[in-house]
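Here is a walk through one protein chain, taken a piece at a time. Keep the structure in view as you read.

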Amino acid sequence: MVYHQAVWDEPLLAELHSKGKIGITLPSYKQIDDSRAESLVPKKLLRKDVKLPSLSQPEVVRHFTKLSQMNFGVDLGPYFLGSCTMKHNPKVSERIASNQNFSELHPYQDEDSIQGILQIFYELSEMLAEITGTSRVSLAPAAGAHGEFVGALIIRKRLQELGQLKERNEMLIPDSAHGTNPATASMAGFRVVRIPSDKEGLVDVEALKKVVSKKTAGIMLTVPNTHGFFEKNIREICSTVKEAGGFTYYDGANLNAILGKARPGDMSFDIVHLNLHKTFATPHGGGGPGAGPVGVKEHLADYLPIPLIKKGKKYSFDYNRPKSIGRIKNFYGNSGLLLRAYVYIRMFGKEGLPKIAEQSVLAANYLLAKIKGEDYIPSHKTKAPVKHEFVVSVKNLTASTGVRAGDVAKALLDEGLHAPTTYFPLTVEEDLMIEPTDSEPLSSLDRYAEVLKKIAETARKDASQIFASPKNTAVGRLDEVKANHPLTLTLNWNKLVK
């Protein structure tokens with residue numbers, strides 16, 4: 001079965017402009033008294049001329065309908081984007097989140113009038129604490145990287161209070177980590193110390209022991225790591241850092257693999273962040289939205305961002321936390337995503353959540369078994385199974401045909417399939433990072449494997465066909481240098497409307 005997307009060269013709205021076309025119907029000028037409206041707006045802010053294109057209503061409707069058809073999402077097909085957990089978003093969550101009783105709440109309402117949503121948020125924080133094995137959870141962070149930053153700031157604040165901040169200024173981070181880990185550590189004022197991976201794709205424990213010192217502030221770890229493997233030495237890693245006086249931080253981007261099976265807090269992590277928009281299936285992609293709650297053990301609870309929600313005779317915001325790192329976001333997190341995650345957890349329950357991890361791990365191991373070979377080489381030689389995702393290298397294919405990982409990704413688009421993550425982690429040459437997720441049926445996995453094999457066979461017969469991809473998409477292969485250079489883009493349509 002082959003899927004083809006429609007191909008068209010969709011013009012900009014400005015290019016459809018023609019004087020005299022009208023797409024709206026307004027009351028006659030005599031019926032409108034706009035003098036008062038103009039008096040309310042400062043003259044310096046009034047525009048004398050707005051160069052908007054003149055368009056008919058059908059042109060506008062067709063334009064945006066076509067744009068929607070040119071996009072790809074989890075509702076159209078499998079989205080095996082490694083380390084991103086792009087899985088199905090249950091529609092019941094969407095329906096509840098769009099209910100006007102929630103969507104029309106205002107952040108400045110009195111607490112007495114929002115007891116329902118405060119109760120939901122309080123219960124969500126309690127459930128996430130149980131899932132992660134932590135004591136208290138803040139729902140405020142707006143994304144995973146934001147949660148990482150909060151974790152780094154908590155470590156910084158605690159060290160400052162202990163009088164150790166000047167001495168303990170190094171954050172240990174594996175070479176396979178998400179790029180946001182070193183970025184957030186640097187933003188928090190720490191010097192990043194890179195820890196190499198061993199032959200099995202895990203943290204090199206001996207290398208770690210050589211760099212741990214009185215300068216160590218902590219370690220940031222993703223478990224399972226981005227190679228797709230569980231860190232079997234996690235207790236030894238955490239104890240090594242803690243014995244030196246450092247803190248342990250868990251990057252929860254990959255919790256889908258261990259949900260209901262293992263808890264970061266039980267692995268000896270002090271701080272944990274979760275990506276609700278991944279593990280707990282709330283819509284994301286294209287830069288947002290997101291939610292990155294942070295949980296901590298009891299000894300760090302006082303440092304969580306304000307406000308926290310407390311339960312007494314009623315639910316309320318707690319600002320009386322003098323040791324807190326402070327406010328890190330207006331109001332209280334991305335509430336729509338928090339509500340969706342709450343629904344998702346309640347829907348699956350304690351018995352259902354572990355099945356998500358089971359299905360996720362099974363899907364990844366099944367797909368890897370289907371494709372591994374000369375053209376798709378597993379990232380590391382190990383007998384250990386992968387968890388929720390896996391990494392393969394196409395370096396043999398590149399050496400014999402010139403077809404690189406990015407070319408394979410482009411060819412997948414021609415089959416109506418979203419490409420996996422490419423060239424990450426940086427520890428593997430010409431790699432594809434594939435995460436099937438728990439919500440894909442067996443037929444999706446089989447077809448993805450068939451297409452990958454077909455691409456490799458085509459590359460060995462006639463690589464030019466792969467280099468020409470994508471051919472069946474709305475936009476062909478872009479000039480990546482030009483697309484990323486700000487001086488080559490015209491972003492002001494006033495220059496186009498004449």
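The paragraphs below go from the domains to the sheets, then to the helix contacts, and end with some details of the backbone.

This is a predicted model. Start with the broad division. The domain assignment splits the protein chain into domain 1 (13-69), domain 2 (94-347) and domain 3 (355-482). The C-alpha centres of domain 1 and domain 2 are 45 Å apart.

Now find the sheet of 7 strands. The sheet is open, and its strand order is E1-E7-E6-E5-E4-E2-E3. The pairing within this sheet is mixed. Which strands form its edges? They are strand E1 (136-138) and strand E3 (191-195), and each of them pairs on one side only. From one strand to the next, the twist averages 20°.

Look closer at the E1 end. Here E1 pairs with strand E7 (residues 294-296) in the antiparallel sense, over 3 bridges. In this pair, arginine 136 is opposite valine 296 of E7.

Next, follow helix H6 over this sheet. H6 lies across strand E2 (170-174), strand E4 (216-222), strand E5 (247-252), strand E6 (271-274) and E7. Its direction is at about 170° to that of E5. An angle over 145 degrees counts as roughly antiparallel, so H6 and E5 run roughly antiparallel.

H6 also meets a helix. The axes of H6 (residues 144-162) and helix H7 (residues 180-187) come within 9 Å, crossing at roughly 45°. That angle makes H6 oblique to H7. The crossing is right-handed. Which residues of H6 and H7 touch? From H6 come Ala145, Glu148, Phe149 and Ala152. From H7 come Thr180, Asn181, Thr184 and Met187. By class, the contact of H6 with H7 has 4 nonpolar, 3 polar and 1 charged residues.

Turn now to the other sheet. Its 4 strands form an open sheet in the order E10-E11-E13-E12, and the pairing is antiparallel. Strand E10 (377-378) and strand E12 (421-422) are the edges, each pairing on one side only. Inside the order, strand E11 (residues 390-393) and strand E13 (residues 431-434) run antiparallel and are joined by 4 bridges. One point on this pairing is serine 393, whose bridge partner in E13 is aspartate 431. Helix H11 packs on this sheet and touches E10, E11 and E13. The direction of H11 makes about 15° with that of E11.

H11 has helix partners too. One is helix H14. The axes of H11 (residues 335-371) and H14 (residues 442-461) come within 9 Å and cross at roughly 30°. H11 and H14 are therefore roughly parallel to each other. Their crossing is right-handed. On the H11 side, the contact uses Ala363, Tyr366, Leu367, Lys370 and Ile371. On the H14 side, it uses Leu442, Leu445, Asp446, Tyr448, Ala449, Leu452 and Lys453. The contact of H11 with H14 holds 9 nonpolar and 3 charged residues, with no polar ones.

Another partner of H11 is helix H5. The axes of H5 (residues 115-132) and H11 come within 10 Å, with a crossing of roughly 50°. H5 and H11 are therefore oblique to each other. Is this crossing left-handed or right-handed? It is left-handed. H5 brings Ile120, Phe121, Glu123, Leu124, Met127, Leu128 and Ile131 to the contact. H11 answers with Ser335, Leu338, Leu339, Ala341, Tyr342, Ile345, Arg346 and Leu353. Of the residues in the contact of H5 with H11, 12 are nonpolar, 1 is polar and 2 are charged.

Last come the backbone details. The peptide bond from valine 223 to proline 224 is cis, with omega near -5°. Proline 224 sits in the loop between E4 and helix H9 (234-243). Serine 469 and proline 470 are also joined by a cis peptide bond, with omega about 0°. Proline 470 is in the loop between helix H15 (463-467) and helix H16 (480-483). Finally, look at phenylalanine 331, in the loop between strand E9 (315-318) and H11. Its phi is near 60°, a positive value in a residue other than glycine.

Technical notes: Residues numbered from 1 in each chain as written. Predicted model: local features only at pLDDT ≥ 70, side-chain atom pairs only at ≥ 80, totals over all residues. Heavy atoms only, no water. Axes fitted to C-alpha atoms, helices over the stretch in contact; angles between N-to-C directions. Helix = DSSP H or I, 4+ residues; strand = E, 2+ residues; numbered from the N terminus. Parallel < 35°, antiparallel > 145°, perpendicular 65-115°, else oblique. Left-handed = near helix turned anticlockwise from the far one by under 90°. Contact = heavy atoms within 4.5 Å. Nonpolar A, V, L, I, M, F, W, Y, C, P; charged D, E, K, R; others polar. Domains from an automatic or database assignment. Pairing = 2+ DSSP bridges.
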